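Grab a coffee and try a few exercises on the structure below. Each one gives a task, then a solution worked through in steps.

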Amino acid sequence: MTSSTATKNQLSDRINSLTPSATLEMAAKARELRAAGKDIIGLSLGEPDFNTPDYIKEAAIKAINEDYNSYTPVDGYVDLKDAIITKFKRDNGISYEPSQIVVSTGAKQALYNIAQVVLNEGDEVILPCPYWVSYSDIVKLADGVPVEVATSLESDFKMTPEQLEAAITPKTKMLWYSSPCNPSGSIYSKEELRALADVLQKHPQIIVVSDEIYEHINYGVTEHASMAAFDDMFDRTVTVNGVAKAFAMTGWRIGYIGGPTYLARACNKLQGQVTSGANCIAQRAVITALVESPDRIKYMVDEFKERRAIILELLNAIDGFKCNEPDGAFYVYPDVTAYFGKTLNGVTINNASDFAMYLLEYANVATVTGDAFGNGNCIRISYAAAEKEIREAISRIEKALE
């Protein structure tokens, strides 16, 4: 037995079976190559390239000067929960009580909490594909079973009511989705959500997780809609949100949920034994972020929209790339199956993972394989980067594929 095998045997089956985050893994590889002297353009991470707005930073500085430094309530400061309640009512038409709100250390922790307090071994969770990279493993860590529902570029990567109905079994416990979607940028309209809700009315045991963290990065084609805004879905929907994406606050690590009281209190109970309350200074800053008008961050959305037009024009000019036009978020999710089976620079491309690694090695551009999102026909490319970097990256990709 090798030392590495012996060490692995000391770890739990749970951690040994866990898949590393593909987005973080690709970012780490890009950093390693940069450290080795390679000029890598990183279009793999879902992180805005803007700084946190000054008015939010000023709120954090004010909190420091006012000596906020003590432990925070497990589920968040009362006035932050009030700000979240105001935000949900203003932006989503959803009315929550303080007992229905839980603030966590990022939306990822919020999702983890939900899975841990709802799922038992063997419970099934429906995941429309593509889905955010961590959904599947978060479900598995709670002993749940991910049930993937395939979509396609032709359906704008959205699940139909018929597909939802076909995926439901007696073991189905939850449905998880994001809108706007990471990685596809697709947005479910109010009418599309209503059609899914009509299916769910026949299956009252199913709890819905609506991940809306890209809510404000919306390009005006499809108006944002929330499942919990339907009266007949309010008591069985958990709305997940946060400030990382729209407010350029990825490192501040604040996410939150609004949901049924029993579920929110269960998340609070779990969080109290794991991380306790989120960072005090970050919470004070988020109060300001949420109570101010979303119009104050529109300049970032406008810039993303311009970059979307640029990257789509460049990618659509490359033979073999098939793109839809995303309605939100800051990713494109092109179908690259035209390259499967081809050999380029002596490298045979069998799948999206091969393709992403080929681009990293031969174009010096970091992207993410679609395999990580439950759809192996595509790769995810972030356009949360400067226009100059986007143009250079796509130029390198085009040359590497000649």
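## Between the domains

Residues from domain 1 (14-51 + 298-400) and from domain 2 (54-294) both go into the lining of the second largest pocket, so this pocket lies between the two. Keep in mind that this is a predicted model.

**Exercise 1. Describe the second largest pocket: its volume, its lining and the elements that build it.**

Step 1. Start with the space itself: the volume is about 440 Å³.

Step 2. Now look at the walls. There are 26 lining residues, and Thr-19, Pro-20, Ser-21, Ala-22 and Val-133 sit nearest the centre.

Step 3. Sort the lining by chemistry, and you get 13 nonpolar, 6 polar and 7 charged residues.

Step 4. Trace the lining back to secondary structure. Helix 3, helix 6, helix 7 (135-141), helix 13 (352-362) and strand 13 (368-369) each put in at least two residues. Helix 7 gives the largest share, with 5 residues.

**Exercise 2. Do the same for the largest pocket, and work out where it lies relative to the domains.**

Step 1. The largest pocket comes out at about 550 Å³. It is lined by 28 residues, and the ones closest to its centre are Gly-46, Lys-108, Trp-132, Lys-245 and Arg-253.

Step 2. By chemistry, this lining splits into 12 nonpolar, 10 polar and 6 charged residues.

Step 3. Helix 3 (22-35) and helix 6 (107-118) each contribute at least two lining residues. The largest share, 3 residues, belongs to helix 6.

Step 4. For the location, check which domains supply the lining. Domain 1 and domain 2 both do, so the largest pocket lies between them too.

**Exercise 3. Work out how domain 1 and domain 2 meet.**

Step 1. Set the bounds: domain 1 is 14-51 + 298-400, while domain 2 is 54-294.

Step 2. Count who takes part. Using heavy atoms within 4.5 Å as the cut-off, the contact involves 36 residues of domain 1 and 35 residues of domain 2.

Step 3. Get the distance: the C-alpha centres of the two domains are 26 Å apart.

Step 4. Turn to area. An interface is often sized by the accessible area lost when the parts come together. Here, about 2900 Å² is buried between domain 1 and domain 2, with carbon and sulfur atoms giving 58% of that.

Step 5. Find the big contributors on the domain 1 side. Asn-324, Asp-327 and Phe-373 lose the most area to domain 2, together 22% of what that side buries.

**Exercise 4. Which backbone spots stand out, and where are they?**

Step 1. Recall the background: most peptide bonds are trans, and most residues other than glycine have a negative phi.

Step 2. Look for cis bonds. Cys-129 to Pro-130 is cis, with omega near 0°, and Ser-179 to Pro-180 is cis with omega near -5°.

Step 3. Place them. Pro-130 is in the loop between strand 3 (124-128) and helix 7. Pro-180 is in the loop between strand 5 (172-178) and helix 9 (190-200).

Step 4. Check phi. Ala-329 is not a glycine, yet its phi is positive, near 60°. This residue is in the loop between helix 12 (298-316) and strand 9 (331-332).

**Exercise 5. What does the UniProt annotation cover, and what is that span like?**

Step 1. The unreviewed UniProt entry annotates residues 38-397 as "domain: Aminotransferase class I/classII large".

Step 2. In the model, the end C-alpha atoms of residues 38-397 lie 16 Å apart, and the span is 36% helix and 14% strand.

Notes: Residues numbered from 1 in each chain as written. Predicted model: local features only at pLDDT ≥ 70, side-chain atom pairs only at ≥ 80, totals over all residues. Heavy atoms only, no water. 1 Å grid on protein atoms, 1.4 Å probe; cavity = no way out; pocket = protein on both sides within 12 Å on 5 of 7 lines; lining within 4 Å. Points joined across faces, edges and corners; volume = space filled by probe spheres on them. Helix = DSSP H or I, 4+ residues; strand = E, 2+ residues; numbered from the N terminus. Nonpolar A, V, L, I, M, F, W, Y, C, P; charged D, E, K, R; others polar. Domains from an automatic or database assignment. UniProt positions renumbered as here; feature names shortened; annotations may be inferred. Buried area = accessible area lost by both parts, 1.4 Å probe.
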